[in-house]
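Biologist: I am new to this structure and would love a close look at one part of it. Could you walk me slowly through the place where protein and DNA meet?

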There are 2 protein chains.
Amino acid sequence: MTQTSLDADRSIARAPARTWTIAELAREFNVTPRAIRFYEDGGLIAPMRQGTSRIYTAGDRARLGWILRGKRLGFSLGEIRELLDLYYADRSGVQQIRGVLRKSRQHIADLEKKLRDLRAQIAEFREVEAHAVQFLRDKGIDPESDDR
Amino acid sequence: MTQTSLDADRSIARAPARTWTIAELAREFNVTPRAIRFYEDGGLIAPMRQGTSRIYTAGDRARLGWILRGKRLGFSLGEIRELLDLYYADRSGVQQIRGVLRKSRQHIADLEKKLRDLRAQIAEFREVEAHAVQFLRDKGIDPESDDR
DNA sequence: GCTTACGTTGACGTAAACGTAAACCTCGGC
DNA sequence: GCCGAGGTTTACGTTTACGTCAACGTAAGC
């Protein structure tokens, strides 16, 4: 059940693979342990156990980063799960690959719409910014001085 | 050609400004009237009334588009309200403009982070797509044929 | 004058995404 | 031998963003 022989073999040639506790990852990604456990309940991540404690590998850590990036982009956890399933999908058969191809193209299209939305909003607020700068310059005020 | 002259319109009579009902906007933007009323409850939009019925002007319509774009980008209604307040902010005084400048710059920075997230995700799924295409080509299958 | 379509205001229900509190284990240090 | 720091599960609470009635008003068409 243990992997002592493997560990011993690797401990000489390889650096011992680093792992993280739930609190470490929570601090690093600025979320709570509760949130991470919640993602696990939803099947978005599945760390190993050491006794009852969760142990996160570098792969788990990357997955968490993936999840949180998805959240920042406005996807629900359900959508993120589908995307993770897609990203880590079974790529063994032709039909599977066809499915991956179709879904990834769909997702890219969704993302590109989001990209257009984002560009438009950035452009609008750049205009707001430019007008504000111009207004202050016209008044002879340095827009970069931050004195109240 | 079909566009009537602005000058002619002004000299005689203004074209009657078009307005929309809640159901019309709901259909156009693919949301429910309930959602639009909810945004109004939250102070994100404030249409005129004709009796008890809500009447939306072109400006209200644009505002609704703004709200929904914000949602697609992953902002909460509270955040969208702040952004709308910023966008339509009082720009009369120096202090107000300073505030607008500071907040719009902050918001642009947030959006640009989102842009980086988005580009990264698009790049990843483009790779997934490319690998799928390559896999099918290697098998002598046309990736564009959609036969099951 | 009755139906149909569309509007209104409550009021309550619900799914998602956690927060919070309780009760417990467990391990290294004093 | 106990204590604090961290981990666990279970369960109920909370916020957000609406959905879903219910009960009502009103203007149009037959």
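Modeller: Happy to; here is a walk around one DNA strand, with a short look at a pair of helices at the end. Please keep in mind that this is a predicted model. Around DNA strand C you will find 16 residues. Both chains are represented among the closest ones: Thr32(A), Lys71(A) and Leu77(A) from one, Arg37(B) and Arg54(B) from the other. Of the strand's atoms that come within 4 Å of the protein, 70% belong to sugar and phosphate.

Now zoom in on the phosphates. Thr32(A) places a polar side-chain atom 2.5 Å from a phosphate oxygen of DNA strand C. For Lys71(A), an N or O atom of the side chain is 2.7 Å from a phosphate oxygen. Chain B takes part as well, with a polar side-chain atom of Arg49(B) 3.2 Å from a phosphate oxygen of the strand.

Which elements give two or more residues to this surface? They are helix 3 (33–41) of chain A, plus helix 2 (22–29) and strand 2 (53–55) of chain B. Helix 3 of chain A gives the most, four residues. Sorted by class, the surface near DNA strand C holds six nonpolar, five polar and five charged residues.

Finally, look at where the two chains pack together. Helix 6 (residues 94–138) of chain A meets helix 6 (residues 94–138) of chain B at an angle of about 160°, their axes 7 Å apart. That angle is over 145 degrees, so the two helices are roughly antiparallel. Their crossing is left-handed, and the residues of this contact comprise 30 nonpolar, six polar and 14 charged.

Note on methods
Residues are numbered from 1 along each chain as its sequence is written. Chains are lettered from A and ligands numbered from 1 in the order in which they are written. This is a predicted model: local features need pLDDT of at least 70, side-chain atom pairs count only at pLDDT 80 or more; totals for chains, interfaces and linings use all residues. Side-chain values use heavy atoms; hydrogens and water are left out. A residue is near a molecule or strand if one of its heavy atoms lies within 4 Å of it. A polar contact is a pair of N or O atoms within 3.5 Å; within protein, one must be able to donate a hydrogen and the other to accept it, and residues adjacent in sequence count only if both atoms are side-chain atoms. Ala, Val, Leu, Ile, Met, Phe, Trp, Tyr, Cys and Pro count as nonpolar, Asp, Glu, Lys and Arg as charged, and the others, Gly among them, as polar. Axes are lines fitted to C-alpha atoms, for helices over the stretch in contact, and angles run from 0 to 180 degrees between N-to-C directions. Angles under 35 degrees count as roughly parallel, over 145 as roughly antiparallel, 65 to 115 as roughly perpendicular and the rest as oblique. A crossing is left-handed if the near helix is turned anticlockwise from the far one by less than a right angle, and right-handed if clockwise.
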